[in-house]
Amino acid sequence: MCTDTESDKRGEATPLSPTLALQLAAPHTWPASIMPVLIAGGLAAATAGRFSPAMAVLLLVICILMQSSVNTFNDYFDFVKGADSADDNVEVTDAVLVYNAVRPRSVLWLAIGFLVAAFLLGLIVIYRAGPIPLIIALVGAVAVVAYSGGKTPLSYLPIGEIVSGLVMGGLIPLACYQVLAGSLNLIVLVWALPTIIGIGLIMMTNNTCDIEKDEEAKRRTLPVLLGRRRARSLYHGLMIAWIASIVLIVRLWFPAGFAIMVFMVLAAYPLAAALWKNPLAPASRIGAMAQISSLNVVLGAFYAAALML
């Protein structure tokens, strides 16, 4: 465990500059926030004939702030618990506290600040759409803190993929749909199944690459319990289910956009093929994270386009 005092011993503390704050926010992970809003917008346009660009942008900013808070909390808690080191095959931007002598406490305050900013902007949404988004947002905020903080964080348990997928990929589209369409419709959780799987796979990619590191840190993630071979088998099955769920949902509920599925498969194939072959080992971690993020963007964009047609 590393404290502010121990951080200072590594050298003179580096001020938390805007550049470092942006690195902690980890923009390369923002597709996990952008895609759920995009999908919700497509669903609102398709089923309710309503779409407010201004409100969609506001929701997008709120979701990015929440994602930035998750990333910053995770960086902070991983560092103070000694779970991150310079030998873990992570980019500098994925472990800012490891590579910079920043006071951990200032990083903690930044994470809280991101969360508070998201809540304050959310007041505008609540004023326009009522209390339902607030209730869903509070559930998400609890998950944000519980994921990395506490005596036994959710990220140390074999439910991290499920929690991140359901919160980011399920509850956020549900809340955004309610705001954009003007009504709460639980079938959105079915239509959001692709984003639930896609975001869960982002977490599973990271955890499978980090099996050895997580075992040392006493983390009992799903890949740690399964082992890399079985984890990769499950991973491949979920990749198939991810693409199949988009095709099936569009075919059953939004057939006007079904022709787009051909182009989606063609565009996604190179990324999916490369990710399928990735060993999901420590040395390939950086490449795997880039591949799963890119695949989320491609599949999410084509899915949203199919909905809007």
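For the classes I use today, Ala, Val, Leu, Ile, Met, Phe, Trp, Tyr, Cys and Pro count as nonpolar, Asp, Glu, Lys and Arg as charged, and the others, Gly among them, as polar. With that split, the lining of the largest pocket comes out at 22 nonpolar residues, 2 polar and no charged. I will return to that pocket after the overall fold. Please keep in mind that this is a predicted model.

First, the chain as a whole. There are 309 residues, and 51% of them are buried. The secondary structure consists of 15 helices and 0 strands. If we take the contacts with a separation of 6 or more, 77% of them join residues 24 or more positions apart. The accessible surface is about 13600 Å², and carbon and sulfur atoms hold 70% of that area.

Now the largest pocket. Its volume is about 390 Å³. The lining has 24 residues, and the ones closest to the centre are Ile-62, Met-66, Ala-118, Pro-133 and Ala-137. Which helices supply at least two residues each to this lining? They are α4, α6, α7 and α8. On the screen, α6 covers 104-129 and α7 covers 132-148.

Next, the enclosed spaces. The search of the whole structure gives 2 cavities of 30 Å³ or more. I will talk about the second largest, which holds about 80 Å³. Its lining is made up of Met-35, Pro-36, Ile-39, Pro-194, Thr-195, Ile-199, Trp-242, Ile-246, Asn-296, Leu-299, Gly-300 and Tyr-303. By class, that is 9 nonpolar residues, 3 polar and no charged. At least two of the lining residues come from each of α3, α10, α13 and α15. Which of these helices gives the most? That is α15, with 4 residues.

One of those helices, α3, deserves a slide of its own. The helix runs from 31 to 48. It has 18 residues and spans 25 Å between its first and last C-alpha, close to the 26 Å expected at 1.5 Å a residue. Its buried residues are Pro-31, Ala-32, Ser-33, Met-35, Pro-36, Val-37, Ile-39, Ala-40, Gly-41, Gly-42, Leu-43 and Ala-44. Among them, Met-35, Pro-36 and Ile-39 also belong to the lining of the second largest cavity. What do the buried residues of α3 pack against? The partners are α4, α8, α9, α10 and α15. After the helix comes Gly-49, with a positive phi near 65°.

That brings me to backbone angles. Most residues other than glycine have a negative phi. Two residues here are worth a look on that account. Ala-26 is not a glycine, yet its phi is positive, near 55°. Where does Ala-26 lie? It is in the loop between α2 and α3. Ala-26 has a relative accessible area of 5%, and it counts as buried because that is under 20%. The other residue is Leu-280, again not a glycine, with a positive phi of about 55°. Leu-280 sits in the loop between α14 and α15. At 1% relative accessibility, Leu-280 is buried too.

I will finish with two residues and their contacts. Start with Leu-20, in helix α2. Is Leu-20 buried or exposed? Its relative accessible area is 7%, so Leu-20 is buried. Setting aside neighbours within four places in sequence, Leu-20 contacts Thr-14, Pro-15, Val-96, Asn-100 and Val-102. Take Val-96 from that list: Leu-20 and Val-96 are 76 residues apart in sequence, while their C-alpha atoms are 7.2 Å apart in space.

The second is Trp-253, in helix α13. The relative accessible area of Trp-253 is 38%, so this residue is classed as partly exposed, in between the 20% and 50% limits. With neighbours within four places again left out, Trp-253 is in contact with Ile-187, Val-190 and Trp-191. How far apart are the C-alpha atoms of Trp-253 and Trp-191? The separation is 9.0 Å, for two residues 62 apart along the chain.

To recap the two spaces: the largest pocket is about 390 Å³, and the second largest cavity is about 80 Å³. There are no charged residues in the lining of the pocket, and none in the lining of that cavity. That is the end of my slides.

Definitions and conventions: Residues numbered from 1 in each chain as written. Predicted model: local features only at pLDDT ≥ 70, side-chain atom pairs only at ≥ 80, totals over all residues. Heavy atoms only, no water. 1 Å grid on protein atoms, 1.4 Å probe; cavity = no way out; pocket = protein on both sides within 12 Å on 5 of 7 lines; lining within 4 Å. Points joined across faces, edges and corners; volume = space filled by probe spheres on them. Expected span 1.5 Å × (residues − 1). Buried < 20%, exposed > 50% of the residue type's maximum accessible area, 1.4 Å probe, protein only. Contact = heavy atoms within 4.5 Å. Areas by Shrake-Rupley, 256 points an atom, 1.4 Å probe, with all protein chains shown as cover.
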